[in-house]
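Biologist: I would like to learn how to read a fold from its strands outward. Can you take me through one case?

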Amino acid sequence: MLAINKLHISISGVKYILQTAVIYKWSPFMLTVQDLETLRKRYVNALLAGDSGKARQAVSDAQNRGFGIHSVYVDILSYAQSSIGEMWHNGEINIGVEHLATVITLDIMNELRSKVSTYRKSNGFRAVVTPVEGDTHILGSRMLSDFLIIDGWEVDFMGGPIPIEDLVKFVQSRSVDMVGISITNTAYIANVQSTIRALKSIIPNPKILIGGLALDDSKIDLKSFEGDAVALNIFEGVAVARNLVGLTDGGYTLEEHLAALGSRIRAERLENQMTQQDLATASELDRTYISALEQGKQNVTFGAVLRIAKALNISLPLLGIPLE
Ligand code: B12
């Protein structure tokens, strides 16, 4: 119960409302799931039409409706890029349409980041963030870079994958506290391992954080990475990054608590070789609830946590909830 109390204390002063699946900072306007769907559709359609003005307008409207920058990134931009990327993968659109959409989204991210950067407080730590060698999926690592910048880090974002030996030389030349490596395509897992080993040869060596879409693949053994930490989503990534360099004062935000809980539930579920539907059935919850919970987007009652722990056959401390 202590963790639940702490959670309330850490969010006092900031009001949250819980919508069906997503948490937003409180705003004078009530957001509904339909609003989110509408904004997503508007943004995706603007990208498909190559209309940067309409895309910007959708983002601006989302912000006026109370979406914070983190929600815009994860709930709208990331969603849209995944949808459009899938369209290309399925042969529904031309690669030119996908590339233009990516450029528009990167431009919008630059604008959003610049606005926040002007009033953020530096935390004095430097990170290098890069997709792993070979992996040309860059949006996830750009998003992690931006989340770290917003959190006060100085970030050198590599822009695209670079050879491991060049990354090592670059890191050596920059007094880097942490390197964030993003892996999207599972084909490059071996490169992650080689990158970690090469970075560990630097003295003093930077902390290494691994994350990205590829880690969702249940065939990947997360414990096999020799880096300092693995994070299963971007919110957890920022919290873990702070932890790695000793910045954490224990004052996690609600989003970070939920992200950490979600990733532990997911890890335990995969360990038990259960699908989300298996866990939903065993805990008598809805699959979409489990899905949102695992992504850190679903607030949760203590009763639901108990049911999930029982369905996973684990104790609450294994979900990071101490029994005090
Ligand atoms: C968009 C996309 C593309 C775009 C990439 C645009 C770009 N420049 O970035 C294009 C169309 C160019 C493309 C190309 C290819 N793609 Co592609 N692509 C996708 C797609 C649809 C979305 C990925 C994405 O950008 N999502 C949006 C970003 C923001 O989300 P994200 O990456 O998950 O990042 C989030 C988190 O993971 C996290 N995060 C990310 N990195 C990190 C790092 C840390 C440390 C932390 C803490 C968190 C974190 O933060 C982000 C925000 O929440 C996925 C499938 C899917 N639905 O996800 C396939 C997918 C990744 N692609 C795939 C493949 C195979 C390819 C190609 C090899 C196809 C081909 N035959 O050529 C090529 C790549 C060539 C190469 N050398 O790598 C496969 C990979 C399969 C696998 N084995 O893993 C996927 C899964 C599609 C599929 N279902 O098969 N792709």
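**Reading the strands**

Modeller: Start with pairing. Strands β5 and β6 run parallel and are joined by 5 bridges. Within that pair, Met178 stands opposite Lys207 of β6. The chain passes from β5 through α8 to β6, a right-handed β-α-β crossover. Keep in mind that this is a predicted model.

Biologist: Which strand does β5 pair with besides β6, and how many bridges join them?

Modeller: Strand β3, residues 126-131, runs parallel to β5, again through bridges, 5 of them. Ala127 has Met178 in β5 as its bridge partner.

Biologist: How do I judge whether a strand is enclosed? Is β5 buried or exposed?

Modeller: Count C-beta neighbours; 20 or more others within 10 Å make a residue buried. In β5, residues 178-182, 5 of the 5 residues are buried, so the strand is largely enclosed by the rest of the structure. Then look at the two faces. Met178, Gly180 and Ser182 point one way. Val179 and Ile181 point the other way. All are buried.

Biologist: Where does Val179 fit in the nonpolar core?

Modeller: The largest nonpolar core has 75 residues, and Val179 is among those with the most contacts inside it, along with Tyr43, Leu47, Ala127 and Leu148. Beyond four places in sequence, Val179 is in contact with Ala127, Val128, Val171, Leu199, Pro206 and Ile208.

Biologist: Now β6. Why is Leu209 classed as buried?

Modeller: Leu209 is found in strand β6. Leu209 counts as buried because 26 other C-beta atoms lie within 10 Å. Its contacts beyond four places in sequence include Met178 and Gly180. Others among them are Gly227, Val240 and Leu244. Ile196 is 13 residues away along the chain, and its C-alpha lies 9.4 Å from that of Leu209.

Biologist: What should I check in the backbone of the loops?

Modeller: Look at omega, then phi. A cis peptide bond joins Ile203 and Pro204, with omega about -10°. Pro204 sits in the loop between α8 (189-200) and β6 (207-211).

Biologist: And which residue between α10 and α11 should I check for phi?

Modeller: Gln273, in the loop between α10 (254-271) and α11 (276-283). Its phi is near 50°, a positive value in a residue other than glycine. Gln273 is exposed, with 8 other C-beta atoms within 10 Å. Asn313 also has a positive phi, about 60°, and is not a glycine. Asn313 lies in the segment after α13 (302-312). Asn313 counts as exposed, with 10 C-beta neighbours inside 10 Å.

Methods
Residues numbered from 1 in each chain as written. Predicted model: local features only at pLDDT ≥ 70, side-chain atom pairs only at ≥ 80, totals over all residues. Helix = DSSP H or I, 4+ residues; strand = E, 2+ residues; numbered from the N terminus. Buried ≥ 20, exposed ≤ 12 C-beta atoms within 10 Å, placed from the backbone. Contact = placed C-beta atoms within 7 Å. Core = buried A, V, L, I, M, F, W, Y, C linked by C-beta atoms within 7 Å. Pairing = 2+ DSSP bridges. Right-handed = clockwise from strand over helix to strand, strands pointing away.
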